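Me: I've just opened this one and don't know my way around yet. Could you walk me through it?

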Amino acid sequence: MHDGSKIVPGLILFLGILFAPFWYNAGTGQAAARPDIVKPTQEKQCVESTEFMKANHMQLLIQWREEVVRNGDRTYVATDGKSYEKSLTGSCLKCHSNKAEFCDRCHDYAHVQPNCWNCHTAPKESKA
Amino acid sequence: MRTDRRQFLRIAGVAALGLGLKPGIEALLGRGLVEASPEILAQGAGAARRWAMVVDLPKCWANPGCTDCIGACDQTHNVPRFEDEKKAIKWVWLEPYGRVFPEQDPRLVSAGLGNRPTPLLCNHCENPACVRVCPTRATWQRPDGIVMMDFHRCIGCRYCMVACPYGARSFNFVDPRAGLDMDKVNADFPTRTRGVVEKCTLCAERIDKGGVPACVEACKQQALLFGDLNDPNSQLRKIVESRYTLVRKPELGTRPQVYYIV
């Protein structure tokens with residue numbers, strides 16, 4: 001190999017820089033760190049099971065949005081038969097009143113930027 | 001049985017003729033119409049209703065300088081206030097009578113009447129021009145006649161603003177939150193965002209819960225009347241039937257549903 005003395009150390013340096021963040025996180029134990037969200041205390045049960053909400057809350061909110069705005073259908077009947085008002089500020093945020101420590105912490109961790117809050121007001125924002 | 005070419009063509013021709021006659025026969029029997037109508041009636045919560053508004057101007061003018069309807073609407077829907085007229089967002093607003101009904105001869109409209117402030121809002125037309133031009137169906141007509149806005153779906157192309165002959169639509173050229181006191185916003189209704197068109201929604205969110213529009217509720221003069229035009233027993237229908245009312249620019253065929261008593 002021509003110039004092997006330059007290429008091989010160069011490759012090692014490149015791979016070292018590439019993998020440095022992974023080794024750093026593995027070394028400090030941050031890879032396993034989960035966002036520390038604050039759950040509501042007054043209510044034990046969300047409109048659906050925790051697993052369902054974790055995986056599908058975004059689809060559920062979009063579905064609510066379409067049904068409320070476009071069809072005027074404002075009542076959600078959950079799997080367990082209970083009825084809820086389809087409303088982000090009226091239902092979700094009544095229990096999850098701590099947007100910064102519930103919604104935002106997880107969204108920041110997952111690096112998703114939902115545009116709900118461009119228009120909808122969280123209770124904190126309107127008071128502070 | 002053997003089918004030769006000539007016979008095959010004959011059968012195919014008769015079959016095609018029969019298919020072609022089918023819609024005509026159905027129309028003659030009226031079956032298409034009968035089948036469609038219950039479906040239309042069953043649509044949505046506000047089926048077979050037709051919301052409309054009457055503005056009783058003498059009652060309104062009995063309390064000069066009153067802007068209660070505008071204040072209530074702005075508070076309910078987080079409508080921002082900007083000093084700059086170019087940024088202004090209007091849901092309910094006032095114009096001099098002479099500019100609301102410009103087709104009336106100014107020589108016949110007494111000077112006092114021509115300058116009187118006349119409340120305006122979206123006319124919730126029976127044949128809305130804005131709905132026809134919206135490329136994303138962000139604005140559409142509900143079965144109960146309300147011309148609704150889906151702010152989520154609006155791309156800000158402003159075709160609807162060009163189409164609306166009444167100037168009932170406003171565009172958010174700047175972030176509307178700049179014109180709002182964020183301590184006092186109504187958290188039950190969203191603000192809007194930059195690049196979205198907005199207008200009066202006849203308080204669809206209140207009507208769906210059995211309420212009346214905020215402006216109607218706020219008017220102490222009871223100059224604003226809201227009701228179902230399709231209900232022969234509603235107060236609104238009786239007024240529209242018995243009193244002489246005006247609508248704005250009827251010659252355009254948009255069939256506005258805000259009726260003015262002068």
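Me: What radius of gyration does chain B have, next to a compact globule of 262 residues?

Reply: Keep in mind that this is a predicted model. A compact globule of 262 residues would come out near 18 Å. The C-alpha trace of chain B spans about 90 × 45 × 40 Å along its principal axes. As for its radius of gyration, chain B has 24 Å.

Me: And how much of chain B counts as buried?

Reply: Chain B is built from 11 helices and 9 strands. Of its contacts with a separation of 6 or more, 62% are between residues 24 or more positions apart. Out of the 262 residues of chain B, the share that counts as buried is 33%.

Me: Let's zoom in on β1(B). How many of its residues are buried?

Reply: This strand covers residues 51-56 of chain B. On one side sit W51(B), M53(B) and V55(B), all buried. On the other side A52(B), V54(B) and D56(B) are buried too. That makes the count for β1(B) 6 of 6.

Me: Which strand runs parallel to β1(B)?

Reply: One partner, β8(B) (residues 224-228), is antiparallel and joined to β1(B) by 5 bridges; there V55(B) stands opposite L224(B). With the other partner, M53(B) stands opposite V258(B). That parallel strand, joined to β1(B) by 4 bridges, is β9(B).

Me: How many residues of chain A are in contact with chain B?

Reply: Chain B brings 17 residues to this contact. By class, they are 6 nonpolar, 5 polar and 6 charged. On the chain A side, the number is 15.

Methods:
Residues are numbered from 1 along each chain as its sequence is written. Chains are lettered from A and ligands numbered from 1 in the order in which they are written. This is a predicted model: local features need pLDDT of at least 70, side-chain atom pairs count only at pLDDT 80 or more; totals for chains, interfaces and linings use all residues. Two residues are in contact if their C-beta atoms, placed from the backbone, lie within 7 Å. Ala, Val, Leu, Ile, Met, Phe, Trp, Tyr, Cys and Pro count as nonpolar, Asp, Glu, Lys and Arg as charged, and the others, Gly among them, as polar. A residue is buried if 20 or more other C-beta atoms lie within 10 Å of its own, exposed if 12 or fewer, and partly exposed in between; C-beta atoms are placed from the backbone. Helices (H or I, at least four residues) and strands (E, at least two) are DSSP runs, numbered from the N terminus. Two strands pair if DSSP finds at least two bridges between them. The radius of gyration is taken over C-alpha atoms; the globule rule is 2.2 Å times the number of residues to the power 0.38.
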